[in-house]
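User: Please take a close look at the disulfide side of this model. I'd like a connected walk through it, with a bit of context from the rest of the chain.

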Amino acid sequence: MSSPASTSAAPATAPAPPAAKPPRLREIDGLRGLAIVVIAVYHVWFDRVSGGVDVFLLLSGFFITASLLRSVERTGSVRPLAFAARIVRRIFPPALVVAAAAVLMTALWLPRATWHQQLGDILASALYYGNWNLALHSVDYLSSNNGASIVQHYWSLGVQAQFYVLWPILIALSARLAARARWSRARVLAGALALVFAASFAFALWETAENQAFAYFDLRARLWQFAAGGLLAVALPRLRERFAGRDASGLRWTAALLGWAGVAVLLGAGFVLESTQFPGLAALWPVGGACAVVVAASLGPGGGAGRLLNTRPVQWLGDLSYTLYLWHWPVLVCYLTATGRDTATLLGGLGILAVATALAWATRWALELRLPATGLGQRSVRGAFALGAAALALVLASYGALTGYIAYERDRLAAAAADTALYPGAAALAADLDVPEADFAPSTLDAAQDYDPALSGRCNQTMEGYEPIRCDFAGGELVHSGQDEADAEATVVMYGGSKIWQWLPAVLAAAESRDWHVIAYTKNACIIETGQEALGEERYRSCAAWNDAVVAEIGRLAPDLVLTYGSRVGYEAYETFPDYTDRYEQLLATGAAVVALRDTPSPRFDIPLCVDLNGPNGNECTVDRASYYDEGAFEALEVPAGVRKADLTDYICEPDACPPVVGNVLVYRDDAHLTNTYAATLGPYLEAELAAALDPVAG
């Protein structure tokens with residue numbers, strides 16, 4: 001996480017006198033060492049945010065601003081290609097080699113259920129948009145069950161890479177404005193940095209309050225930290241000039257007090273502050289502490305906290321900070337997976353740090369010391385970019401190899417699963433079949449993606465959306481609204497949240513055999529109970545508005561049947577009965593029959609992951625059926641006339657337990673939703689319920 005150092009000066013061509021390179025402050029190297037120790041310790045033993053990354057972002061702003069400003073003063077330009085080449089030489093090889101190693105570590109030590117997610121995160125990190133990838137997943141309902149990414153810490157590298165693109169532009173524009181107006185470059189740049197700081201910090205405060213999970217990874221909410229480092233770089237020379245010749249004794253005491261206060265803040269911030277407070281006000285603590293250390297070192301080098309920061313172990317850790325940052329998290333994730341722990345034991349944590357430090361030392365020696373000494377990629381801009389491309393190719397090759405294996409396994413199991421005798425799914429419970437042993441399908445490698453793509457994108461409303469989104473299906477295929485509707489035997493509407501949407505394969509199987517036209521209205525995490533707008537939160541207001549709008553559309557459609565909720569097994573993981581009576585009455589008023597479906601079990605632990613870790617046949621991934629249901633409750637539920645209650649639990653659970661695999665088919669794709677493959681095997685049984693509702697006399 002340390003930033004590339006400034007390059008040697010080029011001959012001055014600008015009219016302004018060249019700026020002297022400031023003296024190197026060894027305390028900053030020690031500050032890096034202290035920051036990486038804090039990061040690693042808090043991650044390994046306390047599972048908390050430490051503020052150490054905020055220090056690295058500040059130091060990046062400090063060094064890059066100073067380097068680019070010197071380039072402008074000496075050459076009249078930020079020399080963007082030369083700047084980019086320095087970044088690529090310094091940053092790319094270690095980061096991308098560790099990212100490639102993360103692919104191997106994923107294959108060797110992480111559960112297969114996480115491979116798809118891990119590979120997506122690794123690719124995003126290697127392309128330096130990992131922060132945005134994590135931000136989007138943090139609010140993606142379909143990704144809400146994702147575990148810790150093996151490259152989650154690469155978010156800060158993505159933020160820094162995007163900063164490296166923006167900062168030369170900012171400084172070049174500031175320099176041009178200063179030249180045209182004949183103003184001081186430093187003053188203009190300070191003004192620009194102050195504006196960036198104010199705008200970004202205000203945005204960070206707002207976004208942290210509104211959506212902290214997204215804000216944490218958002219470049220816009222992090223720019224103020226780089227700007228703070230930039231302001232520090234601009235201010236330090238003036239600060240040195242101002243205090244030159246002052247009382248040395250008093251200055252030393254002031255600097256010592258400031259430095260130790262900064263160190264204390266850095267060490268203690270993680271204990272006091274919560275991760276949910278970053279990157280808002282909480283981030284001011286580590287940023288302010290780091291600024292205090294740098295200012296103290298500038299005013300009184302070697303004294304106060306400098307006595308700690310200049311010690312050989314802390315300096316050595318400062319040199320190792322970037323590669324140790326890269327390695328500590330993958331090693332920690334593999335350890336936690338192998339042990340099943342949430343945090344490390346004392347000895348386990350020491351082992352993690354020992355392994356990560358050894359890997360970090362080897363990586364630094366090979367890629368930060370020996371590689372530059374060879375001259376490979378060091379002599380030209382083109383060579384630097386070729387070096388970066390080679391490092392990226394290593395990641396892409398490893399990514400492609402594991403992706404290819406996943407595709408092979410997917411195709412192999414998909415072909416095998418076509419054999420309904422070997423993969424009967426729900427029929428195994430319905431007919432009490434003796435099913436031969438076989439690899440279950442879908443594999444945990446792609447279980448998380450085993451859902452119908454039609455209702456995961458443009459056909460499905462998000463948790464925040466208000467407007468109904470209609471999707472039509474005929475002959476089992478997505479069609480344009482109204483297509484073949486007039487010729488269909490019946491029009492069936494699916495209406496509800498993701499626990500209704502999961503039944504789409506079963507509904508389409510029935511619709512294809514009976515020539516029904518299917519219309520789907522679904523919205524993530526939204527139930528159909530009336531009165532939700534009174535609950536106050538935005539998601540309830542949007543759900544209430546969406547429900548009212550959908551019911552109005554159903555009234556205009558006048559369908560033959562509406563399939564919706566009959567009960568709810570939600571976050572509480574046992575069956576409840578929201579009062580759907582008013583909604584049922586509204587739907588019946590449209591002239592449609594209504595099927596109220598008993599909700600499926602929601603284990604609330606990741607079933608594919610559990611199966612990976614414990615196997616499909618043990619008790620660890622099987623849940624007691626009675627823990628979900630009071631078996632007489634649904635039968636006793638009173639509903640208006642015209643509403644047919646449908647209970648398909650016997651085709652998902654055994655009499656006493658709900659196993660993770662039934663008839664060689666994996667039942668769940670996450671902690672709550674059926675796999676597409678298993679839902680399809682429920683088609684005949686759901687078809688019987690829907691047909692009975694459409695023709696109650698025959699039923």
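Analyst: A quick word on the labels: helices are DSSP runs of H or I with at least four residues, strands are E runs with at least two, and numbering starts at the N terminus. Also keep in mind that this is a predicted model.

For orientation, the protein has 699 residues, and 53% of them count as buried. There are 23 helices and 14 strands, and the C-alpha trace spans about 100 × 50 × 45 Å along its principal axes.

Now the sulfurs. A disulfide is a covalent bond between the sulfur atoms of two cysteines. This structure holds four of them. How are the bonded cysteines paired along the chain? Counting the bonded ones in order, the pattern is 1-2, 3-4, 5-6, 7-8.

Let's start with C459 and C471, whose sulfur atoms sit 1.9 Å apart. The torsion about their S-S bond is about -90°, so this link is left-handed. The pair ties together distant parts of the chain, twelve residues apart: C459 is in the loop between helix 15 (427–430) and strand 1 (460–461), and C471 is in strand 2 (residues 471–474). Is this pair buried or exposed? The cut-off for buried is under 20% relative accessible area. C459 comes in at 0%, so it counts as buried, and C471 is buried too, at 2%.

The loop that carries C459 has another feature worth a look. P442 also lies in the loop between helix 15 and strand 1, and the peptide bond leading into it from A441 is cis, with omega near -5°.

Next up is C526 with C543, another disulfide with an S to S distance of 1.9 Å. Here the torsion about the S-S bond is 85°, and the link is right-handed. The two cysteines are 17 residues apart and again belong to distant parts of the chain: C526 is in the loop between strand 5 (516–523) and helix 18 (538–557), while C543 is in helix 18. Like the previous pair, C526 and C543 are buried.

Then there's C653 with C658, their sulfur atoms 2.0 Å apart. The torsion is 95° about the S-S bond, making this link right-handed as well. At 2% relative accessible area C653 is buried, and C658, at 6%, is also under the cut-off and so buried.

Which cysteine is in no disulfide? C334 is one: the nearest cysteine sulfur to it belongs to C610 and is 20 Å away. The missing bond doesn't put C334 on the surface, though, because its relative accessibility of 9% counts as buried.

A few backbone details elsewhere are handy while you have the model open. There's a cis peptide bond from F278 to P279, with omega near 5°; P279 is in the loop between helix 9 (248–272) and helix 10 (284–299). You'll also find non-glycine residues with positive phi. R182 has a phi of about 55° and sits in the loop between helix 6 and helix 7 (185–215); at 76% relative accessible area, R182 is exposed. R604 has a phi of about 65° and is in the loop between strand 9 (593–597) and helix 20 (607–614). With a relative accessibility of 31%, R604 counts as partly exposed.

Helix 6, just before the R182 loop, brings us to the surface. V165 has its place in this helix, which covers residues 155–181, and V165 is exposed at 54% relative accessible area. Together with L166, I169 and L173, V165 forms a nonpolar surface patch of about 370 Å² accessible area.

For contrast, try helix 8 (residues 223–243). Many of its residues are buried, including L223, W224, F226 and L236. The helix bends by about 35° at A235, with a proline, P237, following within four residues. What does its end-to-end length look like? Its 21 residues should span 30 Å at 1.5 Å a residue, and the end C-alpha atoms are 30 Å apart, so the two agree.

Terms used:
Residues numbered from 1 in each chain as written. Predicted model: local features only at pLDDT ≥ 70, side-chain atom pairs only at ≥ 80, totals over all residues. Heavy atoms only, no water. Disulfide = S-S within 2.5 Å. Buried < 20%, exposed > 50% of the residue type's maximum accessible area, 1.4 Å probe, protein only. Patch = residues over 30% accessible without salt bridge, like charges linked within 9 Å, V, L, I, M, F, W, Y side chains within 5 Å. Areas by Shrake-Rupley, 256 points an atom, 1.4 Å probe, with all protein chains shown as cover. Salt bridge = Lys/Arg side-chain N within 4 Å of Asp/Glu carboxyl O. Expected span 1.5 Å × (residues − 1). Bend = angle between axes of the 7 residues up to and from the residue.
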